[in-house]
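Trainee: I should like to learn how to read some features of a protein model. May we work through them together, beginning with the packing of helices?

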Amino acid sequence: MTSMPVAGIRAGAPQQPADLVLRNAKIFTGDRGNPAATALAVRDGSLTVVGGDREVAPLVGPRTRVVDALGHRVVPGLNDSHNHVIRGGLHYVLELRWDGVRTLRQGLAMIREQAARTPPGQWLRVAGGWSVESLAEHRMPTPAELNAAAPDTPAVVTHLYQAAILNRAALRAAGITRDSPDPVGGQIVRGHDGEPTGMLLAAPGALLLYSTLAKAPVLDPEEQKASTRQFLLELNRFGLTSMIDAAGGFQDFPSGYRAVTDLHAAGELTVRIAYHLFPQTLGQEVEDLRRWIAMVRPEDGDGWLRLNGAGENLTWAAGDFENFAQPRPELGPYEAEFERAVRLLMESGWGFRLHATYDETIRRDLAVFERLASDGLFPAGNRWLFDHVELVSEKSLDRITALGGSIGVQHRLAYQGTTFRDRYGSLAAQAAPPLGAMRSRGLHVAAGSDATRVSTYNPWVALYWLVSGCNVAGVPLRTGSNRMSRAEALAAYTVGGARLTGEQDVKGVLRPGCYADFAVLSDDYFEICEERIPEIESLLTVVGGRAVHAGGFFEGLAPPAPPVRPEWSPVAHFGGYRTGHGPNRSGLRQAEGVRDAVAESAEHLLWRQRTGRAGHASRQSDPFGPCHN
């Protein structure tokens with residue numbers, strides 16, 4: 001990293017010179033004992049001084065890299081406490097990301113362009129980071145539109161945990177025909193002729209959607225490693241320096257973790273990752289856990305890559321996967337096997353995390369924990385938490401507190417909030433999740449995204465949701481104490497995750513002895529208007545004292561990113577998150593969004609006229625369908 005010319009600090013001959021000095025900054029440290037600073041010094045990957053120019057100047061030696069922050073806001077490196085980064089990285093360069101796309105018209109244009117460059121045998125896939133609530137048209141693409149945009153290339157667009165749209169080529173490639181049976185918990189929508197229309201519904205489980213995605217071509221191991229590296233650099237772009245991987249389906253251990261372990265061995269990780277292990281086979285979950293307990297232990301690894309525990313599922317039968325467009329799933333008996341899994345983990349010193357959306361499931365899980373508490377297994381020092389908890393009750397929060405648990409919240413309702421409100425009512429939406437009740441009980445709350453197949457990985461969208469209570473379209477949902485202050489939200493996205501991995505003494509705050517993980521921001525998070533928070537990016541991201549991302553004034557301070565491969569990759573042409581499309585778009589961008597939506601509506605009207613549906617009566621009674629709200 002080349003030093004920037006800086007006046008006022010001259011090199012001396014200190015006995016232990018700093019490797020890096022950052023000055024002229026507005027530093028939010030997250031350290032209550034020293035909440036603000038203007039300069040910091042780094043040696044051997046850790047912070048040695050956090051203060052002012054007077055404190056860092058004596059540490060500047062002939063080889064010290066001195067960087068002027070030019071008055072920008074600096075914050076601790078962000079830590080997404082719930083991200084599927086390991087699985088997401090394996091496919092990142094193959095995906096067309098609609099993260100930040102504001103109109104369906106734009107998204108379809110991207111599909112049309114990408115289809116023309118995608119080689120035969122490959123699929124075009126849009127999998128997460130958007131919803132109907134983020135698009136001006138407030139609807140999904142139709143199978144007909146997907147067929148028109150990509151007539152020959154297999155194309156699939158997933159929408160949350162609710163639905164997927166396939167074109168004809170993708171139906172053929174996935175082997176879905178008129179004779180294909182509906183799987184348990186899913187529906188293949190068929191026309192009057194019995195043929196699949198291209199719409200797949202989670203009814204209510206999402207396995208059909210993701211098992212279909214799993215049929216698409218995959219990269220070879222070296223390509224998966226390169227794809228993961230590109231994804232990590234994209235995360236660095238937003239100031240992310242740590243992730244907690246929540247594992248998931250189609251992510252077996254150790255084979256599914258090879259890309260990150262290889263990057264770690266090569267010293268090429270640019271994000272610190274703590275990972276979980278998720279049993280993959282229904283009926284064999286306890287056996288999987290027992291096998292892994294014999295192989296590895298929590299905290300095996302180092303500051304870059306380490307095991308954190310099990311989850312976010314322990315047994316498949318206990319998973320209450322949410323689809324807020326559908327009623328709550330009715331789970332069958334699962335407690336006996338679930339208790340075996342939890343007992344095994346707690347007796348073996350393993351922590352865990354649990355996907356839990358509905359209070360009905362949370363209460364059943366807590367009853368198991370309370371039985372185990374009689375044997376002294378709760379609270380027993382093992383870190384454990386519930387994730388999501390949009391519908392958790394205050395009584396359940398009391399029980400979680402008594403058992404020593406924590407909470408992980410993600411901004412899924414930034415993408416599904418109005419759907420949630422339509423089903424459960426405005427009062428429920430105002431307290432989903434009930435952050436005020438968690439705060440009043442002193443529960444530890446960590447924030448994350450649940451990217452990549454639902455929400456975007458951009459942490460500033462999640463921080464906007466925590467602070468404003470609004471969805472991605474700026475619609476207010478959560479109110480009052482169920483919103484966070486900016487400092488509270490940032491703490492949940494920094495030291496909050498560090499506490500879930502037991503690293504709060506070295507990560508999440510900027511003080512001497514902690515990792516030198518920080519981000520120099522494009523805009524001052526604490527001063528810009530609320531609606532502009534999603535527009536923030538990092539101008540300079542440093543992990544372990546090493547610059548891993550640099551842009552704007554700081555361009556050239558980080559090594560250049562390797563070229564995206566393959567050359568036809570959607571990421572090579574469109575990038576990842578589409579910037580400049582926050583809720584507070586400029587008048588021109590708003591006008592462009594309205595224009596695109598009007599053009600889309602005009603095209604839809606022409607279709608209605610061609611099909612005889614343009615009359616007033618049909619205009620009122622011809623909804624786009626249950627997934628287009």
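Mentor: Certainly. In this predicted model, helix α10 passes helix α11 in a right-handed crossing.

Trainee: How is such a pair of helices described in general?

Mentor: Two packed helices are characterised by the distance between their axes and by the angle those axes make. Here the axes of α10 (residues 335-347) and α11 (residues 359-373) come within 10 Å and cross at roughly 50°. α10 is therefore oblique to α11.

Trainee: Which residues of α10 meet α11?

Mentor: On the α10 side they are Glu335, Phe338, Glu339, Val342 and Arg343. Their partners in α11 are Arg364, Asp365, Val368, Phe369, Arg371 and Leu372. By character, the residues of this contact divide into five nonpolar, six charged and no polar.

Trainee: Arg343 belongs to that contact. With which residue does Arg343 form a salt bridge?

Mentor: The partner is Glu347, and the closest N and O atoms are 3.4 Å apart. Both residues lie in α10, with a spacing of four residues, about one turn of the helix.

Trainee: Are Arg343 and Glu347 buried, partly exposed or exposed?

Mentor: Arg343 has a relative accessible area of 26%, so Arg343 is partly exposed. Glu347, at 53% relative accessibility, counts as exposed.

Trainee: How many salt bridges does the structure hold?

Mentor: The structure holds 43 salt bridges. One of them joins the side chains of Asp68 and Arg23, with an N to O distance of 3.6 Å. This pair links distant parts of the chain, since Asp68 is in strand β6 (residues 65-68) and Arg23 is in strand β1 (residues 20-23), 45 residues apart.

Trainee: Why are Asp68 and Arg23 classed as they are for burial?

Mentor: The class follows from relative accessible area, where buried means under 20%. Asp68 is buried because its value is 12%, and Arg23 is buried because its value is also 12%.

Trainee: What salt bridge do the side chains of Glu95 and Arg97 form, and are Glu95 and Arg97 buried or exposed?

Mentor: Their side chains meet in a salt bridge at 2.8 Å, N to O. Both Glu95 and Arg97 are buried.

Trainee: Which residues are linked in a network of salt bridges?

Mentor: The network links Glu299, Arg306, Arg383, Glu503 and Lys507.

Trainee: Let us turn to the backbone. What should I expect of phi and of peptide bonds in general?

Mentor: Most peptide bonds are trans, and most residues other than glycine have a negative phi. Against that background, consider first the bond that joins Ala203 and Pro204, which is cis with omega of about 0°. Pro204 sits in the loop between β13 (196-202) and α6 (207-213). The peptide bond from Phe253 to Pro254 is cis as well, with omega near 10°. Pro254 is found in the loop between β14 (240-245) and α8 (258-265).

Trainee: And where are Leu160 and His388, and what is phi in Leu160 and in His388?

Mentor: Leu160 is in the loop between β10 (155-159) and β11 (163-166), and its phi is near 55°, a positive value in a residue other than glycine. With a relative accessible area of 2%, Leu160 is buried. His388 lies in strand β18 (residues 384-391), and its phi, near 85°, is likewise positive. His388 is buried, with a relative accessible area of 1%.

Key. Residues numbered from 1 in each chain as written. Predicted model: local features only at pLDDT ≥ 70, side-chain atom pairs only at ≥ 80, totals over all residues. Heavy atoms only, no water. Axes fitted to C-alpha atoms, helices over the stretch in contact; angles between N-to-C directions. Helix = DSSP H or I, 4+ residues; strand = E, 2+ residues; numbered from the N terminus. Parallel < 35°, antiparallel > 145°, perpendicular 65-115°, else oblique. Left-handed = near helix turned anticlockwise from the far one by under 90°. Contact = heavy atoms within 4.5 Å. Nonpolar A, V, L, I, M, F, W, Y, C, P; charged D, E, K, R; others polar. Salt bridge = Lys/Arg side-chain N within 4 Å of Asp/Glu carboxyl O. Buried < 20%, exposed > 50% of the residue type's maximum accessible area, 1.4 Å probe, protein only.
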